[in-house]
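The exercises below ask for a careful reading of one protein model, from its overall dimensions down to single residues. Try each task with the structure open before turning to its solution.

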Amino acid sequence: MRYPILIHPNDKLKRTAQPIDVITDETVALLDDLYETMVAMDGIGIAAPQVGKNLRLAIVEVDEGDKFELINPEIIEAKGESLDVEGCLSIPHVYGTVKRADEVTVRYFDREGQEMEVTAFDYLARAFQHEIDHLDGVLFVEKMIEQIPEEELEKYMEEHLND
């Protein structure tokens with residue numbers, strides 16, 4: 001089932017999401033629905049608060065077929081720093097530069113309840129941080145350094161980010 005995406009400003013996007021104590025059939029169904037919603041919206045990540053569910057649950061898929069289903073994720077280590085352009089399904093047509101760690105190690109539970117740990121670099125690390133921010137009620141525009149007008153986005157990325 002596809003959910004509608006909550007659009008900023010919406011108070012539900014600003015809440016700290018609640019941890020999931022027990023992974024139920026409903027949790028697994030929500031993961032499936034979040035993924036369907038993310039793909040339909042052409043996103044690379046989605047967090048439960050973006051569909052009005054106040055739960056610490058997110059999905060990230062930067063490369064097709066390499067999907068991370070994150071239940072109660074936490075960043076346990078972060079290294080480096082880089083600037084890159086971000087956007088968000090909940091803030092359509094707004095893009096801007098955000099400084100984030102280059103490398104993060106994330107601990108989370110998968111849909112089977114197994115504790116997992118992954119170290120991610122570059123774009124995947126950025127996506128993890130963006131989605132975990134959603135779970136903490138933080139939107140990328142609060143960390144945005146420079147807004148890039150949508151019509152200038154492609155040119156900006158060619159000039160600044162393909163060094």
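**Exercise 1. Compare the radius of gyration of the protein with the value for a compact globule, and describe its overall extent.**

Solution. Begin with the chain length: for 163 residues, a compact globule would have a radius of gyration near 15 Å, and the protein, which is a predicted model, has 15 Å, so the two agree. Next take the extent along the principal axes, where the C-alpha atoms fill a box of roughly 45 × 30 × 30 Å. Then turn to the surface, of which the protein exposes about 8,700 Å², with carbon and sulfur atoms supplying 46%; of the 163 residues, 44% count as buried. Finally, consider contacts between residues at least 6 apart in sequence: 66% of these join residues that are at least 24 apart.

**Exercise 2. Work out the order of the strands in the open sheet, and find which strands stand at its edges.**

Solution. Start from the inventory, which consists of three helices and eight strands, arranged along the sequence as α-β-β-β-β-β-β-β-α-β-α. Five strands make up the open sheet, and they follow the order β1-β2-β3-β6-β7 with antiparallel pairing. Because β1 (45–47) and β7 (115–121) each have a single partner strand, they stand at the edges, and one side of each is left without a neighbour in the sheet. On average, and ignoring direction, neighbouring strands of this sheet are turned by 35° against each other.

Inside the sheet, four bridges link β2 (residues 57–60) to β3 (residues 68–79) in the antiparallel sense, and Leu57 stands opposite Ile71 in β3. Now add the helices: α1 packs on the sheet, where it touches β1, β2 and β3, and its direction makes about 40° with that of β2. Helix α2 (residues 122–135), for its part, lies across β1, β2, β3, β6 (103–109) and β7, and it runs at about 125° to β7.

**Exercise 3. Decide whether Ile20 is buried or exposed, and list the residues with which Ile20 is in contact beyond its neighbours within four places in sequence.**

Solution. First locate the residue: Ile20 belongs to the segment before α1 (25–40). Its relative accessible area is 11%, and since buried means under 20%, Ile20 is buried. Once the neighbours within four places in sequence are set aside, the contacts of Ile20 are Thr27, Leu55, Arg56, Leu57, Ile71 and Asn72. Two members of that list, Leu57 and Ile71, are the residues that stand opposite each other in the pairing described above. As for Asn72, it is 52 residues away from Ile20 in sequence, yet the C-alpha to C-alpha separation is 6.5 Å.

**Exercise 4. Examine the backbone at Pro9, Asp42 and His93, and say where each residue lies.**

Solution. Take the peptide bonds before the phi angles: the bond that joins His8 and Pro9 is cis, with omega about 0°, and Pro9 is found in the segment before α1. Asp42, in the loop between α1 and β1, has a positive phi of about 60° although it is not a glycine. Since exposed means over 50%, the relative accessible area of 69% makes Asp42 exposed. His93 likewise has a positive phi, near 65°, in a residue other than glycine, but its place is in strand β5 (residues 91–100). At 55% relative accessibility, His93 also counts as exposed.

Definitions and conventions:
Residues numbered from 1 in each chain as written. Predicted model: local features only at pLDDT ≥ 70, side-chain atom pairs only at ≥ 80, totals over all residues. Heavy atoms only, no water. Buried < 20%, exposed > 50% of the residue type's maximum accessible area, 1.4 Å probe, protein only. Contact = heavy atoms within 4.5 Å. Pairing = 2+ DSSP bridges. Axes fitted to C-alpha atoms, helices over the stretch in contact; angles between N-to-C directions. Rg over C-alpha atoms; globule rule 2.2 N^0.38 Å. Areas by Shrake-Rupley, 256 points an atom, 1.4 Å probe, with all protein chains shown as cover.
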